Amino acid sequence: MTQNAFAAPVRPDLGPWDEYLATAGPLLGSMGEQVGRLIGELDAVRRDGSTVFLAGNGGSASAASHLAQDLLKGAYTGDGPPLRAIALTDNLSMLTAYANDCGYDRVFVEPLRLLAEPGDRLLVISCSGTSPNVVAAARHAKEAGVRVIAVTAGAGGTLRDLADLEVNAPTKDVGLAEAMHSMIFHYVTQSLRDVPGPR
């Protein structure tokens, strides 16, 4: 978690755990259409043999790494093509080299510039939607013919305007948003695994 942004209780009459459950369930329920579009987009990556690159900061960097592993390994059953997924967060030497030589706002742009091809996807995760390095990566992707998938929270920030597809957790509570993102990613992986290969 990289922000100190916790929303005020929605149901102050409930205890903390009941409040958490009462808040999270309906919010997740409202996101079904977006999640369905995300599954379709990632299934297209798999069918086309293209690649999805993932990026984020802090807790969202961990989510990007976890999702890349799940998409490449967890969603693959040995039937049909794999879903090619690369987390740009995973190479510490690369990140620090680009941060030192080009600036931290370029740590995702530079490898994306060298690796991505038109038709690939960039999946960026940012609760604020305004992190300079993921915004820069999204802008580069748009210019390079790479579709942008933004996983955000709250108002969506700058990424909302750059995204070809947005999945938005409708809460300003960063911890709750990150938990919702994790649940969505596991559901997406399960859905892709359960219907493997070309369709």
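Trainee: Why is Gly 49 called partly exposed?

Mentor: This is a predicted model, and in it Gly 49 has a relative accessibility of 45%. Buried means under 20% and exposed means over 50%, so Gly 49 falls in between and counts as partly exposed.

Trainee: Where does Gly 49 lie?

Mentor: Gly 49 sits in the loop between H2 and S1. From Gly 49 to Gly 175 there are 126 residues in sequence and 34 Å in space, C-alpha to C-alpha.

Trainee: What makes Gly 29 exposed?

Mentor: Its relative accessible area is 60%. The cut-off for exposed is over 50%, so Gly 29 counts as exposed. Gly 29 has its place in helix H1, and its C-alpha is 25 Å from that of Leu 122, with the two positions 93 residues apart in sequence numbering.

Trainee: And how do you know that Trp 17 is exposed?

Mentor: The reasoning runs along the same path: Trp 17 has a relative accessible area of 57%, and exposed means over 50%, so the word applies to Trp 17. Trp 17 is found in helix H1 too. Trp 17 and Asp 164 are 147 residues apart in sequence, and their C-alpha atoms are 35 Å apart in space.

Trainee: Let's turn to helix packing. Why is H1 called oblique to H8?

Mentor: The axes of H1 (residues 16–29) and H8 cross at roughly 50° and come within 11 Å. Roughly parallel needs an angle under 35 degrees, while roughly perpendicular runs from 65 to 115. An angle of roughly 50° fits neither, so H1 is oblique to H8. The crossing of H1 past H8 is right-handed.

Trainee: Which residues make that contact between H1 and H8?

Mentor: On the H1 side they are Tyr 20, Thr 23, Ala 24, Leu 27 and Leu 28. H8 brings Gly 175, Leu 176, Ala 179, Met 180, Met 183 and Ile 184. By class, the residues of this contact are nine nonpolar, two polar and no charged.

Trainee: What makes H2 oblique to H8?

Mentor: H2 and H8 pack at about 50°, and their axes are 10 Å apart. That angle is not under 35 degrees, nor does it reach the range of 65 to 115, so H2 is oblique to H8. H2 also passes H8 in a right-handed crossing. From H2, the residues Val 35, Leu 38, Ile 39, Leu 42, Asp 43 and Arg 46 meet Ile 184, Tyr 187, Val 188, Ser 191 and Leu 192 of H8. This contact divides into eight nonpolar, one polar and two charged residues.

Trainee: Why are H3 and H8 called roughly parallel?

Mentor: Their packing angle is about 10°, with the axes 10 Å apart. Angles under 35 degrees count as roughly parallel, so H3 and H8 earn that description. Among the H3 residues in the contact are Ser 60, Ala 63, Leu 67 and Leu 71, and the H8 residues include Phe 185, His 186 and Leu 192. The contact comprises five nonpolar, six polar and three charged residues.

Trainee: Which residues of H3 are buried?

Mentor: In H3 (residues 59–74) they are Ser 60, Ala 61, Ala 63, Ala 64, Leu 67, Ala 68, Asp 70 and Leu 71. To be on that list, a residue has a relative accessible area under 20%. Their cover includes helix H2, strands S1, S2 and S3, and H8.

Trainee: What makes up the largest nonpolar core?

Mentor: That core has 36 residues, and those with the most contacts inside it are Leu 38, Leu 42, Val 52 and Leu 123. Helix H8 (residues 174–194) supplies the largest share of this core, eight residues. A second, separate core has 24 residues, including Val 107, Val 124, Val 134 and Val 146.

Trainee: Which residues does Leu 42 touch?

Mentor: Leaving aside residues up to four places away in sequence, Leu 42 touches Val 52, Leu 71, Leu 83, Ile 149, Val 188 and Leu 192.

Conventions. Residues are numbered from 1 along each chain as its sequence is written. This is a predicted model: local features need pLDDT of at least 70, side-chain atom pairs count only at pLDDT 80 or more; totals for chains, interfaces and linings use all residues. Side-chain values use heavy atoms; hydrogens and water are left out. A nonpolar core is a set of buried Ala, Val, Leu, Ile, Met, Phe, Trp, Tyr and Cys residues joined through side-chain atoms within 4.5 Å. Buried means under 20% relative accessible area, exposed over 50%, partly exposed in between (1.4 Å probe, protein chains only). Helices (H or I, at least four residues) and strands (E, at least two) are DSSP runs, numbered from the N terminus. Contact means heavy atoms within 4.5 Å. Axes are lines fitted to C-alpha atoms, for helices over the stretch in contact, and angles run from 0 to 180 degrees between N-to-C directions. Angles under 35 degrees count as roughly parallel, over 145 as roughly antiparallel, 65 to 115 as roughly perpendicular and the rest as oblique. A crossing is left-handed if the near helix is turned anticlockwise from the far one by less than a right angle, and right-handed if clockwise. Ala, Val, Leu, Ile, Met, Phe, Trp, Tyr, Cys and Pro count as nonpolar, Asp, Glu, Lys and Arg as charged, and the others, Gly among them, as polar.
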